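Open your viewer, switch on side chains and follow along. We will go from one selection to the next.

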Amino acid sequence: MNITHTEIYKYSIPMLPFTIATGTMHFAQNIFIRIHTQDGPTGVGECSAFPMIAGETQNTCFEMAKDFALLWKDKNALDIDARLLELDLFTAGNYTAKSAFDMALYDIAAKNAGLPLYQFLGGKKRDLESDMTIGIDTPANMANTAGELVAKGVHMIKVKLGKKVQDDIERIKRIRLATGNSTILRIDANQGWNFEDALYALQQLAVYDIQFCEQPMRKYNDELLPELCKRSPIPVMADESVFTHYDAERIIRNKAAAYINIKFAKSGGIHEARKINNVAEKNKMHCMLGSMLETRLALTANVHFAMAFENIKFYDLDTCLLGHLEDPVLNGMSYQGMHLIVPEGIGIGADVDNAYLKNLTAAIV
């Protein structure tokens, strides 16, 4: 099933500003692709560039996508191992750009098998409930937002932190007061603290019943994570410290986290994400499936993946709810409250409206 050509789009989604410890995003820097095959199905893929985390921008992903498409032209789309190896041999890293192509291959493979993606990956339908994320703002504004979410029926809230420690503690104090004790609170410092601040913050925040803290320090401080984990009353989740399964093996070997956050934009897509989860599962460590600022198209692939692997216990798949001002996705996943509903069709089961795409910067290779 040879690839004939690939459509590539700068899939920009306007959004309300979203702030984390490392910066503010004013629009979703996404890429959307369609891989066409000769006499076979078309596969769709999306990646979301988050420069301050993965080091890629929409522009770099667009240029890499053109190179990837040329590299795959006239080659078998069903030989996933060979195609992804070609990308890795062509360029180191660039996992965000690679993840769109990985996703499209899995879409083609599942469609060719006549199965929804979660079944193709060996899974079955199960109930998944996402958290809802609050970006960094004043303590008062964040508490107000938390209270509004709880009033709408949100049961789990992830709070972005990683600024001045005393301000972060005040943020959580006010949020817990606004939500009451029944709401699950998770925190994510996005590498914003140093070791001393991280230890102090985690010790002070434990009284507010925090489920876990994602990535408290810069990943270049990974050697300090084992000591932090020993002394922290709040479990630590590795996010930016784990891009590949080799990173996962290192983190687990060093007892440097209680959990791992898997994201396609860090791993390069489904193929490597499976390896990360396998490493974690063998070591009896649960994972979370997270995301950057994807639309419902990539989120649909995420939901399929989460359903396929029961070792994934936490779900942070709310990105299209974080201020996206447009939703051009056809079909795809939906929300019932914060419960994630996967479509019934084969493959990923989502696409992007051509009327939306026609106004975007595009290339066909």
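How does R250 count by relative accessibility: buried, partly exposed or exposed? Select R250 in this predicted model: with 25% relative accessibility, R250 counts as partly exposed. Now add D222, which is buried at a relative accessible area of 11%. The two side chains form a salt bridge, 3.0 Å from N to O. This pair links distant parts of the chain, with D222 in the loop between strand 7 (210–214) and helix 9 and R250 in helix 10, 28 residues apart.

Stay with helix 10 and select residues 245–253. Its buried residues are H245, D247, A248, I251 and I252. They lie on the same side of helix 10 because they cover an arc of only 150° around the axis. Show the surroundings next: the cover over these buried residues includes helix 9 (225–231), strand 8 (236–238), strand 9 (259–262) and helix 12 (270–282). Then turn to the face directed away from the buried side, where you will find the exposed residues Y246 and R253.

Now look at both ends. At the start of helix 10, a side-chain oxygen of T244 comes to within 3.3 Å of the backbone nitrogen of Y246. Just after the helix, K255 has a positive phi of about 50°.

For a second salt bridge, select K75 and E86, whose closest N and O atoms are 3.0 Å apart. K75 sits in the loop between helix 2 and helix 3 (80–90) and E86 in helix 3, so the pair ties together parts eleven residues apart in sequence. K75 is partly exposed at 28% relative accessibility, while E86 is buried at 18%.

Technical notes:
Residues numbered from 1 in each chain as written. Predicted model: local features only at pLDDT ≥ 70, side-chain atom pairs only at ≥ 80, totals over all residues. Heavy atoms only, no water. Buried < 20%, exposed > 50% of the residue type's maximum accessible area, 1.4 Å probe, protein only. Helix = DSSP H or I, 4+ residues; strand = E, 2+ residues; numbered from the N terminus. Arc of directions from axis to C-beta. Contact = heavy atoms within 4.5 Å. Polar contact = N/O pair within 3.5 Å; in protein donor to acceptor, adjacent residues only side chain to side chain. Salt bridge = Lys/Arg side-chain N within 4 Å of Asp/Glu carboxyl O.
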